[in-house]
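Okay, thanks for coming, everyone. Let me put the structure up, and then I'll talk you through it chain by chain.

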Amino acid sequence: MDNKVKISRIQVNLTQQQLAEKIGVTRQTISLIEKGKYNPSLKLCLDICNAVNKTLDEVFWIEKGG
Amino acid sequence: MKKITDERLVLQNLKNIRIAFIIQTIGILGILGYDLVTSGLDEMRKNPLWTVFIITAVVSAYLSMSISADHEDNKMNPLKNLIISLIILILITTIVGFFVSLTQGFSLINGVIVGVILFICGLIPIIYIYYLRKKRQDKDSE
């Protein structure tokens with residue numbers, strides 16, 4: 001699943017490790033989400049959005065067929 | 001030990017437990033199968049592993065009832081389902097009890113006892129699934 005977690009994370013100057021600690025998951029999970037290899041739960045998505053000060057659609061929205 | 005909060009790892013952990021459970025079940029079946037071949041059915045059932053296996057099967061059957069209650073489409077009224085199940089159960093237990101009492105060496109009392117035991121054993125899951133369906137219906141109508 002494509003997403004903009006990596007871009008959003010870099011925009012707020014966080015490393016994968018820092019973001020992971022902020023939301024209470026492991027760095028590997030953040031890495032897999034950024035690569036699109038893990039499908040996070042809505043709760044985790046919201047935690048990530050809060051950590052990078054963005055809304056859900058800014059980080060996770062993908063256009064259908066796009 | 002720190003509690004795992006990462007949802008991905010929790011999920012992975014559950015998947016690992018499932019694999020371990022499959023291996024364990026294969027092992028239990030292997031041991032029971034060996035017992036069955038070498039010493040026969042009665043010896044196999046004396047093995048405590050047999051009890052473990054049966055209890056696990058019963059627990060898993062009851063747990064999967066809540067899944068199938070959610071999975072099935074709920075056009076039928078739960079009460080109607082309950083009545084149909086009860087009629088079938090009464091029919092089966094009556095027939096079995098009848099044939100037991102006809103069998104040589106068994107009296108009418110034996111037939112009645114077997115029938116009643118079968119009836120009770122069948123009644124518990126039927127009532128449980130009725131309770132599950134009813135609960136789900138109440139939730140749907142909220």
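I'll start with some ground rules, then take chain A, then chain B.

So, this is a predicted model: local features need pLDDT of at least 70, side-chain atom pairs count only at pLDDT 80 or more, and totals for chains, interfaces and linings use all residues. Residues are numbered from 1 along each chain as its sequence is written, chains are lettered from A and ligands numbered from 1 in the order in which they are written, and side-chain values use heavy atoms, with hydrogens and water left out.

Chain A, then. What secondary structure does chain A have? Five helices and zero strands, where helices (H or I, at least four residues) and strands (E, at least two) are DSSP runs, numbered from the N terminus. Its radius of gyration is 11 Å, close to the 11 Å that the globule rule gives for 66 residues, so chain A is as compact as a globular protein of that length. For the record, that radius is taken over C-alpha atoms, and the rule is 2.2 Å times the number of residues to the power 0.38. The C-alpha atoms of chain A fit a box of roughly 35 × 20 × 20 Å along the principal axes.

How much of chain A is buried? That would be 39% of its 66 residues, with buried meaning under 20% relative accessible area, exposed over 50%, and partly exposed in between (1.4 Å probe, protein chains only). The accessible surface of chain A is about 4,300 Å², and 53% of that belongs to carbon and sulfur atoms; the areas come from the Shrake-Rupley method with a 1.4 Å probe, and for residues only the protein chains shown count as cover.

One residue to click on here is Lys4(A), in the segment before helix 1 (5-11) of chain A. Lys4(A) is partly exposed, with a relative accessible area of 35%. Lys4(A) and Val59(A) are 55 residues apart in sequence, yet their C-alpha atoms are 4.9 Å apart. Setting aside neighbours within four places in sequence, Lys4(A) contacts Glu58(A), Val59(A) and Trp61(A), a contact being heavy atoms within 4.5 Å.

Now over to chain B. This one also gets five helices and zero strands, so to speak α-α-α-α-α along the sequence. The overall dimensions look like this: a compact globule of 142 residues would have a radius of gyration near 14 Å, but chain B has 21 Å. Its C-alpha atoms fill a box of roughly 65 × 55 × 25 Å along the principal axes. Of the 142 residues of chain B, 18% count as buried. Chain B exposes about 10,800 Å², with carbon and sulfur atoms supplying 71% of it.

What about confidence in chain B? The mean pLDDT is 90, and 99% of the residues reach 70 or more; pLDDT is the predictor's confidence in each residue, from 0 to 100. Within chain B, confidence is highest in helix 1 (residues 7-39), at a mean of 95, and lowest in helix 5, at 89.

While we're on helix 1 of chain B, Gly33(B) is found there. Gly33(B) is partly exposed at 27% relative accessible area, and its C-alpha is 8.1 Å from that of Met44(B), eleven residues apart in sequence.

Next, helix 5 of chain B, residues 108-141. It has 34 residues and reaches 48 Å from its first C-alpha to its last, close to the 50 Å expected at 1.5 Å a residue. That expected span is 1.5 Å times one less than the number of residues. Which helices do the buried residues of helix 5 of chain B pack against? They pack against helix 3 (48-71) and helix 4 (78-102) of chain B. Among those buried residues are Gly111(B), Gly115(B) and Gly122(B), as well as Arg133(B) and Arg136(B).

Helix 4 of chain B has 25 residues and reaches 36 Å, close to the 36 Å expected. Its buried residues, including Pro78(B), Leu82(B), Leu89(B) and Gly97(B), pack against helix 5 of chain B.

Last topic, aromatics. Rings of Phe, Tyr and Trp (its six-membered ring) pair if their centres lie within 6.5 Å; planes under 30 degrees apart count as stacked, over 60 as edge-to-face and the rest as tilted. By that rule there are four aromatic pairs over all chains. The rings of Phe98(B) and Phe99(B) have centres 5.6 Å apart and planes at 70°, so that pair is edge-to-face. Phe98(B) counts as partly exposed, at 49% relative accessibility. And Tyr62(B), Tyr128(B) and Tyr131(B) form one aromatic cluster.

That's my tour; happy to rotate the view for anyone.
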